[in-house]
Amino acid sequence: MIILVSHSRLNTNDMKAIYFLMMIAICGFIQAQQKISEVELEQYLNKKVEFCDKVYGTYVTQGKKKVVLLNLGADYPNSLLTVAIFEKDWENFDYKPAEFLKGKQICVKGELILYKGKPEIIVNKPDQIRLN
């Protein structure tokens with residue numbers, strides 16, 4: 001939608017009101033776009049994707065094959081996406097992902113899979129994750 005307004009017939013208060021309403025409309029549009037991508041995340045299964053969100057929680061599994069789990073979008077069990085980094089790949093990182101990335105906004109690239117019914121990306125290299 002495009003609105004054309006003549007400046008000669010509007011006073012400063014009118015212009016401020018129009019600007020304010022336009023900003024509300026733009027913010028609402030941006031927020032709606034974000035929600036759509038989160039809700040429809042599963043339509044991208046088995047495809048290479050990049051997903052950006054905050055790391056709300058981290059967990060390191062115990063046992064023989066340890067895994068760092070990063071919960072994006074919300075903390076476990078409500079996360080939108082889980083990032084898994086297996087112990088064999090930890091040596092590729094200059095930092096401890098579970099500690100360093102917690103609370104940060106990141107973007108993660110990789111193939112989107114389902115693990116136990118939840119969307120997940122397995123990360124092998126640090127260049128699959130960037131701070132946002």
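**Figure 1. Close-up of Val-108 in strand 4 of the predicted model.** Val-108 belongs to strand 4, which spans residues 105-115; helices (H or I, at least four residues) and strands (E, at least two) are DSSP runs, numbered from the N terminus. This is a predicted model, in which local features need pLDDT of at least 70 and side-chain atom pairs count only at pLDDT 80 or more, while totals for chains, interfaces and linings use all residues. Residues are numbered from 1 along each chain as its sequence is written, and side-chain values use heavy atoms, with hydrogens and water left out. With a relative accessibility of 0%, Val-108 counts as buried, where buried means under 20% relative accessible area, exposed over 50%, and partly exposed in between (1.4 Å probe, protein chains only). Leaving aside residues up to four places away in sequence, Val-108 touches ten partners by name, Val-49, Glu-50, Phe-51, Leu-72, Leu-81, Val-83, Ile-121, Val-123, Gln-128 and Ile-129, a contact being heavy atoms within 4.5 Å. Glu-50, one of these partners, is 58 residues from Val-108 in sequence but 5.4 Å from it in space, C-alpha to C-alpha.

**Figure 2. Close-up of strand 3 and its pairing with strands 2 and 5.** Strand 3 (residues 81-86) is largely enclosed by the rest of the structure, because five of its six residues are buried. Strand 2 (residues 67-72) runs antiparallel to strand 3 and is joined to it by six bridges, two strands being paired if DSSP finds at least two bridges between them. Strand 5 (residues 118-122) runs parallel to strand 3, with three bridges between them. Ala-84 of strand 3 stands opposite Leu-69, and also opposite Ile-122 in strand 5.

**Figure 3. Close-up of the largest pocket and the cis peptide bond at Pro-77.** The largest pocket has a volume of about 490 Å³. Of its 18 lining residues, the closest to the centre are Leu-69, Tyr-76, Thr-82, Tyr-115 and Glu-120. Two or more lining residues come from each of strand 1 (48-60), strand 2, strand 3 and strand 5. On a 1 Å grid over the protein atoms alone, a pocket is an open set of points where a 1.4 Å probe fits, with protein on both sides within 12 Å along at least five of seven lines, and lining residues have an atom within 4 Å of a point; grid points are joined across faces, edges and corners, and the volume is the space filled by probe spheres set on them. By class, the lining has eight nonpolar, six polar and four charged residues, where Ala, Val, Leu, Ile, Met, Phe, Trp, Tyr, Cys and Pro count as nonpolar, Asp, Glu, Lys and Arg as charged, and the others, Gly among them, as polar. The peptide bond from Tyr-76 to Pro-77 is cis, with omega near 10 degrees, and Pro-77 lies in the loop between strand 2 and strand 3.

**Figure 4. Close-up of two loop residues with positive phi, Asn-46 and Lys-116.** Asn-46, in the loop between helix 1 (12-39) and strand 1, has a positive phi of about 65 degrees although it is not a glycine, and is exposed with a relative accessible area of 57%. Lys-116, in the loop between strand 4 and strand 5, has a positive phi of about 55 degrees, again without being a glycine, and counts as exposed at 73% relative accessibility.
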